Structure formats: structure tokens, C-alpha cells
Amino acid sequence: LEQLGLQHRVHCPGHVVGDDKALLLAGADIFVLPSVSENFGIAAAEAMVARLRLVVSEGVDLAPVVRTLQAGSVCVTNDEASLVRALREQLNAAPDRERLRAEAGRHFAWESSALKLKNLYAEVFA
């Protein structure tokens with residue numbers, strides 16, 4: 001970050017919980033999760049519910065949801081240029097934060113998850 005002069009604009013806090021996490025999400029503009037292998041990306045889902053634009057890599061299992069809900073950009077895993085393009089896209093975007101929150105709420109609500117699980121069981125045991 002120092003080489004790019006971004007140390008005052010980009011924060012990599014590591015693992016945070018509770019009020020600290022809520023405060024960080026409330027003060028952020030974009031949530032970035034470039035991962036080679038992320039089994040779901042719960043942090044990205046929480047960021048989406050908090051109305052943040054997302055940049056995730058293809059290695060995050062939530063990447064198709066980010067595309068479907070138009071919640072941000074998906075970059076190519078391990079491709080620095082792709083990550084830079086995705087960040088620029090989101091920095092220049094004018095997101096509808098309320099739409100993002102509503103879509104995330106619908107997608108991740110218990111009712112939605114239960115219905116998806118019910119349909120999966122019906123398909124498996126049909």
C-alpha cells in the first residue's frame with residue numbers, strides 16, 4: 001500500500017467482530033475480498049447487507065451472486081490488473097445502496113434460504 005501511496009485510504013483490519021465490525025462497514029465505501037478459495041464469503045454477504053459495493057474474485061463462491069444481484073465486480077483470481085479494473089469500476093459507480101440492501105436481504109433471508117434448501121431436498125430425493 002505504501003508503494004502505491006494508498007496507506008491513508010485503504011485499511012486491511014483483519015478479523016473484526018461486533019460493534020467494531022459494524023462501525024467499519026458503516027464507514028466503508030467498498031468491500032474487497034480477493035481470494036483464491038473462499039467457501040462462501042460470509043463477510044462479503046454482510047458487506048452487501050450493509051449497502052457496500054463489492055469487489056470479489058472468482059475464487060469466492062459468492063461471486064455468481066455478486067454478478068446476479070449487480071452488487072459489484074468480480075475480478076479474475078490472482079490477476080492484479082483485473083483487480084485494479086474491478087476497483088476502478090466500483091470507485092466510478094453510482095450504486096443504489098437501498099437496492100443493494102433489499103436484494104441482499106431477499107437473497108440471504110431465512111425464508112429464501114429455507115426455500116432453496118427445500119427445493120434442493122426435493123430435487124435430491126425425487
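Before you click on anything, here is one definition to keep handy: a residue is called buried when its relative accessible area is under 20%, exposed when that value is over 50%, and partly exposed in between. Lysine 21, with a relative accessible area of 25%, is therefore partly exposed. Keep in mind throughout that you are looking at a predicted model.

**Stop 1: the whole chain**

Start with everything shown as a cartoon. You should find 6 helices and 3 strands. Follow the chain along its sequence and the elements come in the pattern α-β-α-β-α-β-α-α-α. The C-alpha atoms fill a box of roughly 55 × 30 × 30 Å, taken along the principal axes.

Now switch on the surface. About 8800 Å² is exposed, and carbon and sulfur atoms supply 55% of that. Of the 126 residues, 26% count as buried. As for contacts between residues with a separation of 6 or more, 40% of them involve residues 24 or more positions apart.

**Stop 2: the sheet**

Hide the surface and select residues 30-33, 53-57 and 72-75. These are β1, β2 and β3. Together they make an open sheet in the order β1-β2-β3, with parallel pairing. β1 and β3 stand at the edges with a single partner strand each, so one side of each is left without a neighbour in the sheet. Neighbouring strands here are turned by 10° against each other on average, direction ignored.

What holds strands together in general? Strands of a sheet pair through backbone hydrogen bonds, either parallel or antiparallel.

Zoom in on the pairing of β1 with β2. The two run parallel and are joined by 4 bridges. Select isoleucine 30, and its bridge partner in β2 is arginine 53. Then select leucine 33, whose partner in β2 is valine 56.

**Stop 3: inside β2**

Keep β2 selected and show its side chains. Which residues point which way? Arg53, Val55 and Ser57 point one way, while Leu54 and Val56 point the other. That fits a general habit: in a regular strand the side chains alternate between the two faces of the sheet.

Is β2 buried or exposed? 5 of its 5 residues are buried, so β2 is largely enclosed by the rest of the structure.

**Stop 4: glutamine 90**

Next, select glutamine 90, which lies in helix α4 (residues 80-92). Its relative accessible area is 8%, so glutamine 90 is buried. What does it touch? Leaving aside neighbours within four places in sequence, glutamine 90 is in contact with Ile30, Arg53, Leu54, Val55, Gly72 and Ser73. You met Ile30 and Arg53 a moment ago as bridge partners.

**Stop 5: the salt bridges**

Time for some charged residues. In general, side chains of opposite charge can pair when their charged atoms come close. How many salt bridges does this model have? The count comes to 3.

- Select glutamate 46 and lysine 21. Their side chains meet in a salt bridge at 3.0 Å, N to O. Glutamate 46 is in helix α2 (residues 42-49) and lysine 21 in helix α1 (residues 18-27), so the pair ties together parts that are 25 residues apart in sequence. Glutamate 46 is partly exposed, at 30% relative accessibility.
- Select glutamate 98 and arginine 51. Here the closest N and O atoms are 2.8 Å apart. Glutamate 98 is in helix α5 (residues 97-108) and arginine 51 is in the loop between α2 and β2, so this pair links parts that are 47 residues apart in sequence. Both count as partly exposed: glutamate 98 at 47% relative accessibility and arginine 51 at 27%.
- Select glutamate 103 and arginine 106. The closest N and O atoms in this salt bridge are 3.2 Å apart. The two are 3 residues apart in helix α5, so about one helical turn separates them. Glutamate 103 is partly exposed, with a relative accessible area of 23%, whereas arginine 106 is exposed, at 53%.

**Stop 6: a nonpolar patch**

For the last stop, bring the surface back and select Leu117, Leu120, Tyr121, Val124 and Phe125. These residues make a nonpolar surface patch of about 550 Å². Where is phenylalanine 125? You'll find phenylalanine 125 in the segment after α6 (110-124). Its relative accessibility is 67%, so phenylalanine 125 counts as exposed.

Key
Residues numbered from 1 in each chain as written. Predicted model: local features only at pLDDT ≥ 70, side-chain atom pairs only at ≥ 80, totals over all residues. Heavy atoms only, no water. Pairing = 2+ DSSP bridges. Axes fitted to C-alpha atoms, helices over the stretch in contact; angles between N-to-C directions. Patch = residues over 30% accessible without salt bridge, like charges linked within 9 Å, V, L, I, M, F, W, Y side chains within 5 Å. Areas by Shrake-Rupley, 256 points an atom, 1.4 Å probe, with all protein chains shown as cover. Salt bridge = Lys/Arg side-chain N within 4 Å of Asp/Glu carboxyl O. Buried < 20%, exposed > 50% of the residue type's maximum accessible area, 1.4 Å probe, protein only. Contact = heavy atoms within 4.5 Å.
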